[in-house]
Amino acid sequence: MFDKCSLLQRLKGLPFSDKEYWVAAGGAMVLHGFRPQTRDIDLGCSTLLADRLEREGYPVSFCGDGTRRIQYAEDVEIYENWIEGTVKIIGGVPVVCAEGLMKMKRKLGREKDLADIARIEKVLAAGKKNA
């Protein structure tokens, strides 16, 4: 399991430019402070990074839309061009913004993603009340 500190440490150890990748899914939930931990790390990446990783021999499979899913490590999966919204820097790493994260989770539509959306909305609403 990764908490914010261990997640940032793992991400900063990756050999990627912050222009080539961004944190999505559970990792983004942790870095935004919407959840305390995540089991694994899901990243989005540019086509250039996906090309490089495929050339380097990382296992590649294809998503329904034809983009690539790369198994970078046991705890890191990378999805080509998987993003909604914009990227912001949190703790020195690129992370999908909260609004984009909700859009991505709506598209996935799983029960756990809908629960995450409700959690995000609740935290954002509470933050606006305190502002």
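**Entry 1: the largest pocket**

I looked up the largest pocket and recorded about 670 Å³ of space in it. Of its 29 lining residues, A25, D42, W82, L108 and R110 are the closest to the centre. I note that the model is a predicted one.

I then asked which elements supply at least two residues each to this lining. They are α2, β5, α4 (98-108) and α5 (111-130). Helix α4 gives the most, with 4 residues.

I also sorted the lining by class. I entered 13 charged, 9 nonpolar and 7 polar residues for the largest pocket.

**Entry 2: backbone angles at A25 and N81**

I kept in mind that most residues other than glycine have a negative phi. Against that background I looked up two positions.

A25 is not a glycine, yet I find a positive phi of about 55 degrees there. I located A25 in helix α2, which covers residues 25-32. Is A25 buried or exposed? Its relative accessibility is 11%, and the cut-off for buried is under 20%, so A25 counts as buried. I add that A25 is also among the residues closest to the centre of the largest pocket.

N81, likewise not a glycine, has a positive phi of about 55 degrees. I placed N81 in the loop between β5 (76-80) and β6 (87-90). The relative accessible area of N81 is 40%. Partly exposed lies between the limits of 20% and 50%, so I list N81 as partly exposed.

**Entry 3: strands β3, β4 and β5**

I next traced the pairing of the strands. Strand β3 (residues 60-62) runs antiparallel to strand β4 (residues 68-73), and 3 bridges join them. As a reference point for this pair I noted V60, which stands opposite I70 in β4.

What lies between β3 and β4 in their hairpin? I find 5 residues between the strands, and in this hairpin G66 takes a positive phi near 90 degrees.

I moved on to β4 and β5. These strands also run antiparallel, and 4 bridges join them. Here R69 stands opposite Y79 in β5. The two strands form a hairpin with 2 residues between them.

**Entry 4: cross-reference**

I close by linking the entries. Strand β5 pairs with β4, and β5 also supplies at least two residues of the lining of the largest pocket. The loop that holds N81 lies between β5 and β6. Helix α2, where A25 is placed, is another of the elements that supply at least two lining residues.

Terms used
Residues numbered from 1 in each chain as written. Predicted model: local features only at pLDDT ≥ 70, side-chain atom pairs only at ≥ 80, totals over all residues. Heavy atoms only, no water. Buried < 20%, exposed > 50% of the residue type's maximum accessible area, 1.4 Å probe, protein only. 1 Å grid on protein atoms, 1.4 Å probe; cavity = no way out; pocket = protein on both sides within 12 Å on 5 of 7 lines; lining within 4 Å. Points joined across faces, edges and corners; volume = space filled by probe spheres on them. Nonpolar A, V, L, I, M, F, W, Y, C, P; charged D, E, K, R; others polar. Pairing = 2+ DSSP bridges.
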